[in-house]
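Let's take a walk through this one, starting with a single term and then moving from residues to helices and back. Keep the viewer open as you read.

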Amino acid sequence: MDHGLFGPGSVTWRVMGEPILLVGGFRALLMQGLHPRAMRGVAQNSALMDPSEAWSRFTRTTEFVRVRTYGTSAEVARAGARVRKIHSRLTAFDPDTGERFRLDDPDALRWVHVGEVDSYLSVARRAGVGLTEEDADRFVAEWRRAAEVVGLCPDDVPGSVGEMRDYIESCRPGLYLAPEVPHPLRQSLNAPLPPYLIPLKPVLPMLTVLAFATLPRWARRLYGLPATPLGDLWATTTLRTLQAGISLVPAPVRYGPDARRARKVTAELTVGRAA
């Protein structure tokens, strides 16, 4: 049976279905926000403050992550081809260099990829999702397959937690919040939501604050926010509390359809091997 990029037995399937990873998704966007070219590429090619455009883009991104994680090889290939085609056609202007660049710029894509992997892994581990050091390295290595989907060479992205940490450290001198891009925290306080999502409006600032708190201290400082050990402790305690509460919800309700299917396939294969 075709299980796509990951499949049963992968750390990715075990981790990505956890609802707490929603915080990781927001954190990934905040990490992306510190790469000036990545954010200028987004800002100059989408109406960030237009509710219909912003949320349609969010929906497309969410669907891409779902397909990439749980889709068949053919579904992943189609989704990847569509994203690569869009990126190859769009350009943006970099006021720092006076150059125009394509959205498939490898440096920007690599940073977005690593920010996503680091965010999912960091939130999962701090929330108490059971992951050993070996599991964490496997998770990073598995996501090299995801990097290839967006047009990166798998060998050009980190393959372990240590490599990922070194890469992020090497990028820090060039990171900052581009002045023409809206501050995400301020934006969340007055989020432009479509009518059917208005009931979620009070939740977004809280979710954004928690996502900010999970960032490394140096990243919080680049956003102009306080960065103390107390903030780290609050973020970890809050994630663990939320995860503990979520774990009390029955699995058929707690997990989405794709995650439930992945868990079922994994359980069936495990029983089959044990028989």
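Buried means under 20% relative accessible area, exposed means over 50%, and partly exposed is what lies in between. With that in hand, take Ser88, which sits in helix H5 (residues 73-89). Its relative accessible area is 29%, so Ser88 counts as partly exposed. Leaving aside neighbours within four places in sequence, Ser88 is in contact with Arg102 and Asp104. You can also look at Asp105: Ser88 and Asp105 are 17 residues apart in sequence, and their C-alpha atoms are 8.8 Å apart in space.

Now zoom out. Bear in mind that this is a predicted model. The chain has 15 helices and two strands. It runs to 275 residues, of which 47% count as buried. The chain exposes about 13900 Å², and carbon and sulfur atoms supply 61% of that area. How do the contacts spread along the sequence? Among contacts between residues at least 6 apart in sequence, 70% join residues at least 24 apart.

For a concrete case of such packing, go to helices. Two packed helices are described by the angle between their axes and the distance between the axes. Try helix H2 (residues 21-32) and helix H11 (residues 203-213): their axes come within 9 Å and cross at roughly 70°. Angles of 65 to 115 degrees count as roughly perpendicular, and H2 and H11 are therefore roughly perpendicular to each other. On the H2 side, the residues that meet H11 are Leu22, Val23, Phe26, Arg27 and Leu30. Facing them from H11 are Leu204, Leu207, Thr208, Leu210, Ala211 and Phe212. Sorted by class, this contact of H2 with H11 has nine nonpolar residues, one polar and one charged.

Two members of that contact deserve a click each. Leu30 lies in helix H2, and it counts as buried because its relative accessibility is 5%. Which residues does Leu30 touch, once those up to four places away in sequence are not counted? The answer is Pro184, Thr208, Ala211, Phe212, Leu215 and Tyr223. Thr208, in helix H11, is buried too, with a relative accessible area of 6%. Leu30 and Thr208 are 178 residues apart in sequence, yet 9.1 Å apart in space, C-alpha to C-alpha. Thr208 can also be paired with Pro184: these two are 24 residues apart in sequence and 7.9 Å apart in space, again C-alpha to C-alpha.

A second helix pair makes a good companion to the first. Helix H6 (residues 106-127) and helix H13 (residues 229-246) pack at an angle of about 75°, with their axes 8 Å apart. H6 and H13 are therefore roughly perpendicular to each other. What does H6 bring to the contact? Val123, Arg125, Arg126 and Ala127 meet Asp232, Ala235, Thr236, Leu239, Arg240 and Gln243 in H13. By class, the contact of H6 with H13 has four nonpolar, two polar and four charged residues.

H6 also leads us to the aromatic rings. The count comes to six aromatic pairs. One of them joins Tyr120 and Trp143, with 5.8 Å from centre to centre and 55° between the planes, and it is tilted. Tyr120 lies in H6, while Trp143 is in the loop between helix H7 (133-142) and helix H8 (144-149), so the pair ties together parts that are 23 residues apart in sequence. Are these two residues buried or exposed? Both Tyr120 and Trp143 are buried.

Ring pairs also link Phe6, Tyr120, Phe139 and Trp143 into a cluster. Let's finish on Phe6, found in the segment before helix H1 (11-16). Phe6 has a relative accessible area of 10%, so it counts as buried. Not counting residues up to four places away in sequence, Phe6 touches Thr12, Trp13, Arg68, Thr69, Glu142, Trp143, Arg145 and Ala146. Then there is Gly71: it is 65 residues from Phe6 along the chain, and the two C-alpha atoms are separated by 9.3 Å.

How values were computed. Residues are numbered from 1 along each chain as its sequence is written. This is a predicted model: local features need pLDDT of at least 70, side-chain atom pairs count only at pLDDT 80 or more; totals for chains, interfaces and linings use all residues. Side-chain values use heavy atoms; hydrogens and water are left out. Axes are lines fitted to C-alpha atoms, for helices over the stretch in contact, and angles run from 0 to 180 degrees between N-to-C directions. Helices (H or I, at least four residues) and strands (E, at least two) are DSSP runs, numbered from the N terminus. Angles under 35 degrees count as roughly parallel, over 145 as roughly antiparallel, 65 to 115 as roughly perpendicular and the rest as oblique. Contact means heavy atoms within 4.5 Å. Ala, Val, Leu, Ile, Met, Phe, Trp, Tyr, Cys and Pro count as nonpolar, Asp, Glu, Lys and Arg as charged, and the others, Gly among them, as polar. Rings of Phe, Tyr and Trp (its six-membered ring) pair if their centres lie within 6.5 Å; planes under 30 degrees apart count as stacked, over 60 as edge-to-face and the rest as tilted. Buried means under 20% relative accessible area, exposed over 50%, partly exposed in between (1.4 Å probe, protein chains only). Accessible areas come from the Shrake-Rupley method with a 1.4 Å probe; for residues, only the protein chains shown count as cover.
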